[in-house]
Amino acid sequence: MKTYKLKGLLQNEKWISPAYVSVDDEGIITSISESDNGLATHFDLDCYAIPGFQNAHSHAFQYAMSGLAETHSTGQTPDDFWSWRDAMYKLALSISPDELESIATMLYSEMLRHGYTAVAEFHYVHHDKDGKHYANLSEMGERLVAAAKTTGISITLVPIFYQKGGFGKNPTDGQKRFISPTVDEYYKLLEASKNSCKHYAHANVAIGIHSMRGVEPTDIAEIAKNGPQDLPFHIHISEQLKEIEDSISYLNKRPVEWMLENVEMNDRFHLVHATHLVDDEVSGLANTGANVVICPSTEGNLGDGIFPLRKYQNYGGKWSIGTDSHVGLNPFEELRILDYGQRLTSHKRNTYYSNQEGDSGKFAIDMALMSGRKAMNNFSTDYFKVGQAFNAVLMNAKSPLIATSKLQNLLSTFVYSTDATMQFGTIANGKLVVKDSKHVDTDSIHSSFIDVIGKLGNR
């Protein structure tokens, strides 16, 4: 057992300051107190602790191409999501299981360094380079679980059902590593993924549909209705305008419009991006209790558009954040980008609180945490509680802006005025895995990653 002494611990409605948090050998909180209760030893951290963030949408392999798609042609062909996708496919076709594990290990260590303690891995590179099954259907997924175990982050493996090359179209050669042709084949992959998660105590699975263009809509409805009902359900949707145009042409419905009419959604559903919605879709989606996963840095990088957050929240809509292609990895930055995009389009500053007064920083952290947890099949609403794993972001109490802030100003200071240098470390499942802004296994992780990227030769 160990005890952490903290300058402050954020609870749902207040700060505990000072705070003593004891955990058992499994990282489960055994006590939370404002005194040491006579304990002789403890880890003294001059930090404020807030709950660890959930990264509700990740494509780990894409980290290897982060920053490489910014050299644009001066010709007449636009550089957009679809041209970026071609470059992404080239990378997806080239990565081996060993390389994926190394890339994911590097990425997950960086997520932890920035304050994410859990990740939902939207995983669709399933097969070998020829598009054939590995002996273990979940070979690539198992490597992602191994990477999570090495770094200490919790992982929800979301094996993706990817079936089509577009609405009513056969898959392309560039998608051959992704494809499960039928619902039954997908269920086999899901079962294999469950088995892969048995190798790590902090791993579980969720259902994943690539998109309505990537899976026949009737199969989406079938899995939503008759598939496992105790797992989160993730799907890309309405990210690009062309996707909506193609959906209208194929179904005579917009993607979210079709989902609202054909799938009985609730709070286990997580719709990723949902960038382009009309008013009826905004209100209809919010009323189902489903969650939207917004990835501000990636959506900005790809030119996707801006999610109608202000309208969505007027109807009580819930949302979380993800880093998707990993051009950005700081959760506070994601929350800032999300808010500032809304301020720029609404010309208002109370984006997070359109109809009431409140602390924008506290609201952003709370929303990202509660909906993000649901993406990982965790429905706990307590920030920290005896009997739960201790996952926390540690903010350096000596950093000048933090040191001079009153407790009631801390959360908005964190969200709007900090960078990664002000984060001291991260506790994941009771272990101090990041200290002084460095993962405990930084040297070996960096060395392996640099070696792998050198062999890939893509940078």
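This is a short walk through the structure, one selection at a time. Keep in mind that the model is predicted.

**Stop 1: Val23 and Ile29**

Start by selecting Val23, which you'll find in strand β3. Its relative accessible area is 0%, so Val23 is buried. Show the surroundings and, leaving out residues up to four places away in sequence, you should see Val23 touching Met1, Lys2, Tyr4, Ile28, Ile29, Thr30, Phe390 and Gly430. Now add Val386 to the selection: the C-alpha atoms of Val23 and Val386 are 8.9 Å apart, though 363 residues separate the two in sequence.

Next, hop to Ile29 in strand β4, residues 29–33. Ile29 has 1% relative accessibility, so this one counts as buried too. Which residues is Ile29 in contact with, leaving aside its neighbours within four places in sequence? From early in the numbering come Val21, Ser22 and Val23. The others are Phe384, Lys385, Val386, Gly387, Gln388, Ala389 and Phe390. If you like drawing distances, try Ile29 to Thr426: the two are 397 residues apart along the chain, and their C-alpha atoms are separated by 15 Å.

**Stop 2: a cis peptide bond**

Go to the loop between β2 (15–16) and β3 (19–23), where Pro18 lies. Zoom in on the bond joining Ser17 and Pro18: the peptide is cis, with omega at about -5°. Most peptide bonds are trans, so a cis one deserves a look.

**Stop 3: aromatic rings**

Switch on the side chains of the aromatics. There are 18 aromatic pairs in the structure. For one of them, select Tyr63 and Phe449: the ring centres are 5.8 Å apart and the planes sit at 40°, so this pair is tilted. Tyr63 comes from the loop between β6 (53–58) and α1 (81–92), while Phe449 belongs to helix α15 (residues 442–456), so the pair ties together parts 386 residues apart in sequence. Buried or exposed, these two, Tyr63 and Phe449? Both are buried.

Then select Tyr4, Phe43, Phe384 and Phe390, which ring pairs link into a cluster. Two of those names will be familiar from the first stop: Tyr4 is among the contacts of Val23, and Phe384 is among those of Ile29.

**Stop 4: helices α7 and α8**

Now colour helix α7 (residues 255–262) and helix α8 (residues 279–288). The two pack at an angle of about 40°, and their axes are 10 Å apart. That angle falls outside the parallel, antiparallel and perpendicular ranges, so α7 and α8 count as oblique to each other. The crossing of α7 past α8 is left-handed.

Show side chains where they meet. On the α7 side, pick Val256, Glu257 and Leu260; on the α8 side, pick Asp280, Glu281, Gly284, Leu285 and Thr288. By character, the residues of this contact divide into three nonpolar, two polar and three charged.

Stay with α8 and select its buried residues: Glu281, Val282, Ser283, Gly284, Leu285 and Ala286. What do the buried residues of α8 pack against? Besides α7, they pack against β12 (269–273), β13 (291–294) and α10 (309–314). Just after α8 comes Gly289, with a positive phi near 90°.

**Stop 5: three histidines**

Begin with His276, in the loop between β12 and α8. His276 has 16% relative accessibility, so it counts as buried. Leaving aside neighbours within four places in sequence, His276 is in contact with Ser238, Glu239, Gln240, Leu241, Ile244, Arg254, Glu281, Asp304 and Gly305. Note that Glu281 is also one of the α8 residues that meet α7.

For the last two, turn on backbone torsions. Most residues other than glycine have a negative phi. His273, placed in strand β12, has a positive phi near 80°. With a relative accessible area of 0%, His273 is buried. Finish at His347, in the loop between α11 (331–346) and α12 (360–375). The phi of His347 is positive as well, near 65°, but His347 is exposed, with a relative accessible area of 68%.

Technical notes:
Residues numbered from 1 in each chain as written. Predicted model: local features only at pLDDT ≥ 70, side-chain atom pairs only at ≥ 80, totals over all residues. Heavy atoms only, no water. Axes fitted to C-alpha atoms, helices over the stretch in contact; angles between N-to-C directions. Helix = DSSP H or I, 4+ residues; strand = E, 2+ residues; numbered from the N terminus. Parallel < 35°, antiparallel > 145°, perpendicular 65-115°, else oblique. Left-handed = near helix turned anticlockwise from the far one by under 90°. Contact = heavy atoms within 4.5 Å. Nonpolar A, V, L, I, M, F, W, Y, C, P; charged D, E, K, R; others polar. Buried < 20%, exposed > 50% of the residue type's maximum accessible area, 1.4 Å probe, protein only. Phe/Tyr/Trp six-rings, centres within 6.5 Å; stacked < 30°, edge-to-face > 60°.
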